[in-house]
Amino acid sequence: METITIDHLYRVEGHGGITVAVNEEGIQSCQMSIFEGARFYELLLKGKLARDAPGIVCRVCSICSAGHTLASVMALESALGIHVSDTVQGFRTLLNLGQFIESHALHLFALAAPDYLGNASILQMASHFPEQVQKGLEIKRVGNLVQEVVGGRAIHPVNVIVGGLGRRPARQAMQTLLQDLQNALDLALSLRGFVASLQNPEMGLQPPILVALRASGARYGLTGTHLAASGHEDIPVAHFYQRVNEKVVRHSTAKQSTYAKKPFMVGALARMVHNGERLTGEAAQLREALLPAQPTTLHNNAAQFVELVWALEEAVALCEALQEGPALIPPMTTMGFEGEQMGLAALEVPRGTLYHLYGVNGEGVLTQADIITPTAQNLAHVERDFAHGVGYWLEQPQRQQEQLRLYLEMIARAYDPCISCSTHLVDLTVQV
């Protein structure tokens, strides 16, 4: 028996490792071990006032805090039957775009790119590609700035409230933000050649089953009422539980998911496959240039770059449109629940589709909560890709463990996993 172990996977958010076992008969196991401490935030929400949910769940992860806040507020508004104004929705979309800009730039230029360049870290990469690293970090800074201006601070936003916003961002701050976004878009477009030069090595990966929200309307977007999956008909988001099943595995504090009993992948690549024809501008041209007709998991990195450019183009347009406009509707100070009500929200965030489901009683207290994160949905598919990569490696006439280690790490990092968001279990027994 030959065992290949990566005790700690670097350049991802959170703590996890990889273990592969092979013998003369072939692959025995391929596991993505998540050993970060479980977060029981679904149980912590039960018994809490519904109005406190957004402020609790946003602290699951600093990188994903805007997405959790938005999904939480949307789920509560779903339970209450609240529809916000176009202006409020515009600011919320801008906040989510800021998260996309910050997260994609961080992943592409600090976490994923070193693998393609033979560098151990962004520090080593900076010594060889200082201009690209500097540009990537500046784009990330602008993404943080968007979240600060719209959300009230760069992480754990406080300005998104059920029914509205706490305050309208100041005009001067929006004007400065617009200039920074336009500059960041120019920087991103100047990196096209660099991203195109990052060629994926052959690893024997098979086309994934890709799942994403079908964007509403004719434009590329991050919300939708239906779910699209490779090889399946679209279904209403409300029927999500009929297709997706979660299970607990022994080697992980994160659950794994299947779609119609098969591993699946969510994220930028899935959105590009299901909604990419709706792109316009520079993003549409980049999609044609960077993504093949039959992409594999590693193309998620290129898909993130296409989506980064789209997010910057969209943010510039939104920032211009929101310079002037009608007054925001006042935020709700009370939430009038009548009897047991359910609220479901599905939102595309950088790593894939995020679901928040809440049950609320007549006193406004949460009776149940279910949060399904993108990384938890991806984990079974990560192990599927590991098996394909190991199978390809076993077929090579000369095999080196270090080459396989690089393959496995590149596969895992291509998903841009957020392990902190994924580590949660439903059952908790306390003995006293």
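## Reading a predicted model, step by step

User: Let's start with a surface question: is K261 buried or exposed?

Analyst: K261 is exposed, because its relative accessibility is 75% and the bar for that label is over 50%. Keep in mind that this is a predicted model. K261 sits in the loop between β10 and α10.

User: What is phi for K261?

Analyst: Start with the general idea: most residues other than glycine have a negative phi. In this structure, K261 has a phi near 70°, which is positive although the residue is not a glycine. A260 also has a positive phi, of about 50°, and is not a glycine either.

User: Where does A260 lie, and how accessible is it?

Analyst: You will find A260 in the loop between β10 (256–259) and α10 (268–275). A260 counts as partly exposed because its relative accessibility is 29%, between the limits of 20% and 50%.

User: Now cysteines, please. How many disulfides does the structure have?

Analyst: A disulfide is a covalent bond between the sulfur atoms of two cysteines. A search of the whole structure turns up zero of them. C61 is in no disulfide, and its nearest cysteine sulfur, in C418, is 3.4 Å away.

User: Why is there no bond between C418 and C61?

Analyst: Their sulfurs are 3.4 Å apart, which is too far for a bond, because the cut-off for a disulfide is within 2.5 Å. As for accessibility, C61 is buried at 4%, and C418 is buried at 1%.

User: I'd like to try helix packing. At what angle do α7 and α12 pack?

Analyst: Helix α7 (residues 171–190) meets helix α12 (residues 300–321) at about 155°, and their axes are 9 Å apart. That makes the two roughly antiparallel, because the angle is over 145 degrees. The crossing of α7 past α12 is left-handed.

User: Which residues make the contact?

Analyst: From α7, they include M174, L177, L178 and L181. From α12, they include F305, V309, L312 and V316. You could pick these out in the structure and look along the two helices.

User: What does the side chain of E307 make a polar contact with?

Analyst: Its partner is the side chain of H104, at 2.9 Å. E307 belongs to helix α12 and is buried, with 0% relative accessibility. Setting aside neighbours within four places in sequence, E307 also touches F100, Y220, A268, R271 and M272, besides H104.

User: And T69: where is it, and is it buried or exposed?

Analyst: T69 is part of helix α3 (residues 65–80). It is buried, at a relative accessible area of 1%. The T69 side chain reaches the backbone oxygen of S65 at 2.8 Å. Not counting residues up to four places away in sequence, T69 touches P54, C58, P157 and V160.

User: How should I read distance along the chain against distance in space?

Analyst: Compare the two numbers for one pair. G164 and T87 are 77 residues apart along the chain, and their C-alpha atoms are separated by 9.3 Å. G164 lies in strand β5 (residues 164–165) and is buried, at 0%. For another pair, take E25 and M1: they are 24 residues apart along the chain, with 9.6 Å between their C-alpha atoms.

User: Is E25 buried or exposed?

Analyst: E25 counts as exposed, at 68% relative accessibility. Its place is the loop between β2 (16–23) and β3 (26–34).

Terms used
Residues numbered from 1 in each chain as written. Predicted model: local features only at pLDDT ≥ 70, side-chain atom pairs only at ≥ 80, totals over all residues. Heavy atoms only, no water. Helix = DSSP H or I, 4+ residues; strand = E, 2+ residues; numbered from the N terminus. Buried < 20%, exposed > 50% of the residue type's maximum accessible area, 1.4 Å probe, protein only. Polar contact = N/O pair within 3.5 Å; in protein donor to acceptor, adjacent residues only side chain to side chain. Contact = heavy atoms within 4.5 Å. Axes fitted to C-alpha atoms, helices over the stretch in contact; angles between N-to-C directions. Parallel < 35°, antiparallel > 145°, perpendicular 65-115°, else oblique. Left-handed = near helix turned anticlockwise from the far one by under 90°.
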